[in-house]
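This report describes a predicted model. Please look over the sequence and the structure below before reading on.

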Amino acid sequence: MELNPNAIKFTNPSYDTTIIGTTQDGNLVYDYEKMVTYLVETEAMSEEEAIDFIGYNTLGVLLNIPIENRPIILYQVEDINEYI
């Protein structure tokens with residue numbers, strides 16, 4: 001899969017180690033739990049601080065990014081049957 005040349009990549013902070021793939025359109029896919037862990041380990045945040053930071057500073061800006069270049073944030077589920 002070729003990366004979309006206009007795909008948005010988070011840079012501040014860099015979540016490079018949390019990228020788990022790309023979409024069919026070549027946009028990046030990030031793992032939410034890995035993003036939280038990244039901030040806890042590299043920025044000395046508590047888990048609650050990391051969740052708040054991501055919610056405000058990362059997820060909060062997604063709507064301002066054109067959808068054709070927008071990254072995806074993947075949330076893992078424990079039991080898929082809860083959602084079916």
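## Salt bridge

The structure holds 1 salt bridge, a term that stands for a side-chain nitrogen of Lys or Arg within 4 Å of a carboxyl oxygen of Asp or Glu. The bridge joins Lys9 to Asp16, whose closest N and O atoms are 3.4 Å apart. Asp16 has a relative accessibility of 36% and counts as partly exposed, and Lys9, at 42%, is partly exposed as well; here buried means under 20% relative accessible area, exposed over 50%, and partly exposed in between (1.4 Å probe, protein chains only).

## Nonpolar core

The largest nonpolar core, meaning a set of buried Ala, Val, Leu, Ile, Met, Phe, Trp, Tyr and Cys residues joined through side-chain atoms within 4.5 Å, has 15 residues. Those with the most contacts inside this core are Phe10, Tyr15, Tyr30, Met35, Leu39, Ile54 and Ile73. Strand S2 (28-31), helix H1 and helix H2 (47-58) each supply at least two residues of the core, with H1 giving the most, 5 residues; helices (H or I, at least four residues) and strands (E, at least two) are DSSP runs, numbered from the N terminus.

## Negative patch

Glu33, Glu47, Glu78, Asp79 and Glu82 form a negative surface patch, where patch residues have over 30% relative accessible area and no salt bridge, and like charges are joined within 9 Å. Glu33 lies in helix H1 (residues 32-42) and is partly exposed, with a relative accessible area of 44%.

## Basis of the values

Residues are numbered from 1 along each chain as its sequence is written. In this predicted model local features need pLDDT of at least 70 and side-chain atom pairs count only at pLDDT 80 or more, while totals for chains, interfaces and linings use all residues, and side-chain values use heavy atoms, leaving out hydrogens and water.

Note on methods: Patch = residues over 30% accessible without salt bridge, like charges linked within 9 Å, V, L, I, M, F, W, Y side chains within 5 Å. Areas by Shrake-Rupley, 256 points an atom, 1.4 Å probe, with all protein chains shown as cover. Lys, Arg positive; Asp, Glu negative; His and termini not counted. Charge placed at Lys NZ, Arg CZ, Asp CG, Glu CD.
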